[in-house]
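Open the model in your viewer and show the whole chain as a cartoon. The stops below go from the overall fold to single residues.

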Amino acid sequence: MIRGQLEQAANGVRGTVKWDEPMWQHTSLKVGGPADLYLEPADLADLQESVERLIAAKIPYLVLGGGYNLLVRDGGIRGCVISLKKLDTLEPQPGARLEAGAGVTNSTLCRFAAEHCLGGMEFLCGIPGSFGGALTMNAGAQGGETLQRVETLTTLREGKLLVRKASELEFGYRYLRLLPGEIVLGAKLRLEPAERRVIEERMAVNIAKRSGTQRVTYPNAGSFFKNPAGRHAWELIDQAGMRGVTVGGAQVSEAHTNFLVNRGGARAADFTSLAALVKLRVKETSGIELEEEVRLVGEE
């Protein structure tokens, strides 16, 4: 990427600007090479202006949420990475509705909803990462999914705001169809009035369930593979004899086999090699082709 193009795009940003930023510092797996340019816009207007400059300079960009469910390859990212951390608004609305920005963490959203006696998002409380990431991948647990609670979704595409009703969205298991270059900014959620005590009890139960099955202490990206229809990925991986298998610093977790963990000093290449081996062994033993839930980006 030509430095002059990047400098042109970065000029005028009111938020944070960093050059050759190591992506391992921004991902839960703690791996990933440098991004040519890293931007953290100060607010929505700053984001819109930054995206317009990137488009004008023909610079590709990647939007970053909490850095979970993301594997950045060792060669890093050419172009620009945009963090949405500052888009962290939370506003209760009439009719048991809640407006939430993409930069809000899932745990913060759930606590805020409980404080305002708004129930329905308790399933999200144990899922790490940002609300924008939860929307983009339709994160779910305990029978609940993020997009099932969305009334309207707000996105940015080519500098223009788009607001769509849930009925206009195409989504499914760990999937939301977005247009090329479209950035998820936040959503209005449709919730239900409930006592704070009841909501917090539900959250505690959900967190206890996750803690009981996912006692993973090393850096990880959450579930690495999607669950095939009617099956559990962890079970297929375990049956394939992959529990504890290591490639370099990457390991199939001994605590939960659908978590690939960084035991220390891992490179992204260790994770891609280990993931390929897991898929091969599962295919050999069960005939099932696993699909990554974690998104792979960047250059080798």
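Begin with the whole chain: its radius of gyration is 20 Å, which agrees with the value near 19 Å for a compact globule of 300 residues. That radius is taken over C-alpha atoms, and the globule rule is 2.2 Å times the number of residues to the power 0.38. This is a predicted model, in which local features need pLDDT of at least 70 and side-chain atom pairs count only at pLDDT 80 or more, while totals for chains, interfaces and linings use all residues. Residues are numbered from 1 along each chain as its sequence is written, and side-chain values use heavy atoms, with hydrogens and water left out.

Align the view to the principal axes; the C-alpha atoms fill a box of roughly 55 × 55 × 30 Å. Colour by secondary structure to see 7 helices and 20 strands. These are DSSP runs numbered from the N terminus, with helices being H or I of at least four residues and strands E of at least two.

Next, colour by accessibility: 48% of the 300 residues count as buried. Buried means under 20% relative accessible area, exposed over 50%, and partly exposed in between, with a 1.4 Å probe and protein chains only. Of the contacts (heavy atoms within 4.5 Å) between residues at least 6 apart in sequence, 63% join residues at least 24 apart.

Select Leu44, in helix 2 (residues 44-56). Leu44 counts as partly exposed because its relative accessibility is 31%. Beyond its neighbours within four places in sequence, Leu44 touches Leu87, Leu161 and Leu185 by the contact criterion. Draw the distance from Leu44 to Leu87: their C-alpha atoms are 6.9 Å apart, with the two positions 43 residues apart along the chain.

Move to Glu145, in strand 10 (residues 144-145). At 17% relative accessibility, Glu145 counts as buried. Which side chain makes a polar contact with the side chain of Glu145? Show Asn138, whose side chain does so at 3.2 Å. A polar contact is a pair of N or O atoms within 3.5 Å; within protein, one must be able to donate a hydrogen and the other to accept it, and residues adjacent in sequence count only if both atoms are side-chain atoms. Apart from neighbours within four places in sequence, the residues in contact with Glu145 include Phe123, Gly140, Tyr173 and Arg174.

Finish at His232, in the loop between helix 5 (196-213) and helix 6 (233-239). His232 is partly exposed, at 44% relative accessibility. The C-alpha atoms of His232 and Gly140 are separated by 15 Å.
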